[in-house]
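Visitor: I'd like to go through this one label by label and ask how each label is earned. Can you walk me through it?

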Amino acid sequence: MRVLVVLAIVGRLLRLFSLAFVPPLLFAVFDAEWTVAANFGIALGATLVFGFLFPMVEKEEMRVLHRAEALAVVSLTWLAIALFGAIPFSLAGLSFADSFFEAMSGFTTTGATILTDFSMEKWGKAFFLWRAMTQWIGGMGVIALFVVVLPKLGIAGRQLFFAEASGAPGEAVSPSVRHAASRLWGLYVALTAVLIGLLVGVGYDVYDAVCNAFTTLAAGGFSPNGESIMGYHNPAGEWILTVFMVISGMSFPLLYVTLLRRPLAIFRDEEFRFYLLATVLGAVGLALVLMNRHGVEAGEAIRAGAFQAASIISSTGFASADYNLWGDAAKIIIFFLMLFGGCAGSAAGGPKAIRHLLVMKHIFREFKRVLHPRAVIAIKYKGKAVDDNIMRTIFTLVLVFMAVYFFLGVFLVLSGHDIITAFSASLATVGNVGPGVNAAGPMGNFAFFGDGEKVVMTLGMWLGRLEMLTVLSLVHWHVWRDLHWRRFKPLPPAPLPKPSDPPPGAKRRPTGVGWRRR
């Protein structure tokens, strides 16, 4: 792995990322929030300067990246933008641990927050606009955004695009990566604009509509309202957001094909049907709990159940009610939805529905093999047999996900938190869901955790967003063994065969004159 090439690409992406500070800077100036505007100006300047401090290399060296280099660029870019994206939060008065946590939660679309005061007078509207923007930028994928302009920078976009993608079956978009990323971002922007218009139409003011639309399509959950969506008391808005939260958990490539090419493609997709079934079952289960155990009227129970099921399974993390008050039965349903996740190729977090589907098919195949030991049974998806290598990768990722979730939960328990709060916070951060239950619930926050715990959970969000293996593979000794500053060590040339040596597969003629092939 060429260290200088990796750092050079990260530096270029940082310089490009610095432009993201311009909208909140201009908004703060327009709103006459001069201190906030200065904070964003400093963040822009610092990011730009540090971007130029990274080493420079020739464009030709960046056109082709090896696998480890692409993984390193993706991992370091996400880490770098979270660090520099935290500058406005730090300048506003948050500690480093709190700022880093808030920024990483934004870019990874987790939605967990350390804010206890949502006063506009204290933070300023541009502050909350930036929180929403971090999620909107991270929703479709930071690298997917950069890939649109990477060819102009002379950087190998294809390797980075697929290094950021989860690699789950069904996530491939197009051989032309730049065109694919452009189309997906076009769809993303169009859906965001539609949602803003719908929210304004049902009574949201433009500012709240923009912030909530940014975080809905990104499956993020950062609302400028301290009580999340519950604070707006708008049932029509909740139904609209429910639909768009379900959309945010769908495969965007599949949605693009459905809207522009084949209208029925989405209903023929096995993963989408599985995802939709889980969402409906979760919504029905929550509605029944509210009606039977809390006496909630049927219409309100269905709306609250559907909203919360869509919010949790898509990892958006919005709340239309405090589900901490719904009892243990509701919490169990919410835990299962948190573990499920959205579709591959979506903005949602979690292990992804396709992996659960294929794991279930593998289990049923094993049941059949017990009954028919000699049968050759293939696992099929979209009419094709799933390769054993893909199944091995899926099992590996699911096991690593569960291991990270377990060890982070144990770490939080040993730090003094109750087991429900600790493990729900672990799942909420590693799964990029946002709120947990109990103290880390929808009307709570993560401010009560210690600074060290926040940093560990921040790294958990980073691992979860990049689906573990992208980051963890970089600690393998093969990567460190082949570490070089600029160029790979050239392999020694293969020795040329001597004239007297026989070519492969030849044997000596009886006369001893030369060689002849078999």
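Guide: Let's start with helices: they are DSSP runs of H or I with at least four residues, strands are E runs of at least two, and both are numbered from the N terminus. The expected span of a helix is 1.5 Å times one less than its number of residues. Bear in mind that this is a predicted model, where local features need pLDDT of at least 70, side-chain atom pairs count only at pLDDT 80 or more, and totals for chains, interfaces and linings use all residues. Residues are numbered from 1 along each chain as its sequence is written, and side-chain values use heavy atoms, leaving out hydrogens and water.

Visitor: What span does helix 7 reach, and what is expected?

Guide: Helix 7 (residues 96-107) has 12 residues and reaches 16 Å from its first C-alpha to its last, close to the 16 Å expected. Just after helix 7, threonine 109 takes a positive phi of about 55 degrees.

Visitor: Why is helix 7 called largely enclosed?

Guide: Buried means under 20% relative accessible area, exposed means over 50%, and partly exposed is in between (1.4 Å probe, protein chains only). In helix 7, 11 of the 12 residues are buried, so the rest of the structure largely encloses it. Among them are Phe100, Phe101 and Met104. The packing partners of these buried residues include helix 1 (3-17), helix 9 (125-139) and helix 24 (451-465).

Visitor: Threonine 192: buried or exposed?

Guide: Its relative accessibility is 2%, so threonine 192 counts as buried. It lies in helix 13 (residues 177-201). Counting contact as heavy atoms within 4.5 Å, threonine 192 touches Trp136, Ala213, Phe214 and Leu217, leaving aside residues up to four places away in sequence.

Visitor: What makes a nonpolar core?

Guide: It's a set of buried Ala, Val, Leu, Ile, Met, Phe, Trp, Tyr and Cys residues joined through side-chain atoms within 4.5 Å. The largest one here has 138 residues, and Phe17, Trp130, Phe252 and Phe446 touch the most other members. A second, separate core of 11 residues includes Val5, Ile9, Val73 and Leu474.

Visitor: Why is leucine 276 called partly exposed?

Guide: Leucine 276 has a relative accessible area of 33%, and the label covers values between 20% and 50%, so it fits. It sits in helix 18 (residues 270-294). Leu276 also belongs to a surface nonpolar patch with Val280, Val284 and Leu288, which together have about 300 Å² of accessible area. Patch members need over 30% relative accessible area and no salt bridge; nonpolar side chains (Val, Leu, Ile, Met, Phe, Trp, Tyr) are joined within 5 Å, like charges within 9 Å. Accessible areas come from the Shrake-Rupley method with a 1.4 Å probe, and for residues only the protein chains shown count as cover.

Visitor: How do you know that arginine 303 forms a salt bridge with glutamate 238?

Guide: The rule asks for a side-chain nitrogen of Lys or Arg within 4 Å of a carboxyl oxygen of Asp or Glu. The closest N and O atoms of arginine 303 and glutamate 238 are 2.9 Å apart, so the pair qualifies. Arginine 303 lies in helix 19 (residues 298-313) and glutamate 238 in helix 15 (residues 235-248), so the bridge ties together parts 65 residues apart in sequence.

Visitor: How many salt bridges does the whole structure have?

Guide: The search finds 10. One of them joins aspartate 269 and lysine 382 at 3.5 Å, N to O. Aspartate 269, at 7% relative accessibility, counts as buried.
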